[in-house]
Amino acid sequence: MWLATDEPSVIKEALLFKQYQFLHQDMTTISTAQTGHDLDGVIQDIWMMSRAKSFVGTFSSQIGRIVLELFYAQGRHDAMDHVRSTTYHALYGLLTAFDGL
């Protein structure tokens, strides 16, 4: 599983689940400053998440919304069947927005 986070403790906690293999950015190379290297990492995360079979994340963030849009851009018209939100209210807003399409 690709684990995208900016919180190192999330990676440490995820690694406790030995039955899963987690891939993630090397947190030691990510600085707290906003640099071009940081942006490269964000773009890589978005690319990896958009190529996945399923996505679990927050749709209250722009990252989650970009991933969903990239699902659709790839012709995955069943994208909503393959996403789960950790912030239900944000996903509900997206669902109601798509109802009119």
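Helices and strands here are DSSP runs, with at least four residues for a helix and at least two for a strand, numbered from the N terminus. Read that way, the elements of the protein chain follow the order β-α-β-α-β-α-β-α from the N terminus on. The model you have in front of you is predicted.

## The chain as a whole

Let's begin with the broad picture. The protein chain holds four helices and four strands. It has 101 residues, and 29% of them count as buried. Its accessible surface comes to about 7,100 Å², with 59% of that belonging to carbon and sulfur atoms. If you look at contacts between residues at least 6 apart in sequence, 36% of them join residues at least 24 apart. A search for aromatic pairs over the whole structure finds one.

## A nonpolar patch on the surface

Which residues make the nonpolar surface patch of about 390 Å²? They are Leu39, Val42, Ile43, Ile63 and Ile66. The elements that give two or more residues to this patch are helix H2 (36-50) and helix H3 (62-73). H2 gives the most, with three residues. Isoleucine 43, one of the patch residues, has its place in helix H2.

## Serine 50 and arginine 51

Helix H2 also holds serine 50. Is serine 50 buried or exposed? Serine 50 is buried because its relative accessible area is 1%, and the cut-off for buried is under 20%. Leaving aside neighbours within four places in sequence, serine 50 is in contact with Val67, Leu70, Phe71, Gln74 and Arg76.

Arginine 51 sits in the loop between H2 and strand S3 (55-57). Its relative accessibility is 48%, so arginine 51 counts as partly exposed. Arginine 51 and leucine 70 are 19 residues apart in sequence, and their C-alpha atoms are 8.5 Å apart in space.

## Arginine 76 and phenylalanine 71

Next comes a residue already met among the contacts of serine 50, arginine 76. Arginine 76 lies in the loop between H3 and strand S4 (83-85). Although it is in a loop, arginine 76 counts as buried, because its relative accessibility is 17%. Where does the charged end of arginine 76 sit? It sits over the ring of phenylalanine 71, 3.8 Å from the centre of that ring. Not counting residues within four places in sequence, the contacts of arginine 76 are Ser50, Ala52, Lys53, Phe71 and His82.

## Two residues in strands

Phenylalanine 55 has its place in strand S3. With a relative accessible area of 7%, phenylalanine 55 is buried. What does phenylalanine 55 touch, beyond residues up to four places away in sequence? The residues are Met49, Gly64, Val67, Phe71, His82, Val83 and Arg84. Phe71 is therefore listed for phenylalanine 55, for serine 50 and for arginine 76, under a contact cut-off of 4.5 Å between heavy atoms.

Histidine 24 lies in strand S2 (residues 23-24). Histidine 24 is partly exposed, because its relative accessible area is 30%. Its contacts, again leaving aside neighbours within four places in sequence, are Trp2, Leu3 and Ile11.

## Pairs apart in sequence

Here are the C-alpha separations for three pairs of residues.

| Pair | Apart in sequence | C-alpha to C-alpha |
|---|---|---|
| Histidine 24 and methionine 1 | 23 residues | 8.4 Å |
| Arginine 51 and leucine 70 | 19 residues | 8.5 Å |
| Phenylalanine 55 and serine 85 | 30 residues | 8.3 Å |

To bring the threads together, serine 50 in helix H2 and arginine 76 in the loop between H3 and strand S4 are in contact. Phenylalanine 71 lies under the charged end of arginine 76, and phenylalanine 71 is also touched by phenylalanine 55 of strand S3.

Methods
Residues numbered from 1 in each chain as written. Predicted model: local features only at pLDDT ≥ 70, side-chain atom pairs only at ≥ 80, totals over all residues. Heavy atoms only, no water. Buried < 20%, exposed > 50% of the residue type's maximum accessible area, 1.4 Å probe, protein only. Areas by Shrake-Rupley, 256 points an atom, 1.4 Å probe, with all protein chains shown as cover. Phe/Tyr/Trp six-rings, centres within 6.5 Å; stacked < 30°, edge-to-face > 60°. Lys NZ or Arg CZ within 6 Å of the ring centre and 35° of its normal. Patch = residues over 30% accessible without salt bridge, like charges linked within 9 Å, V, L, I, M, F, W, Y side chains within 5 Å. Salt bridge = Lys/Arg side-chain N within 4 Å of Asp/Glu carboxyl O.
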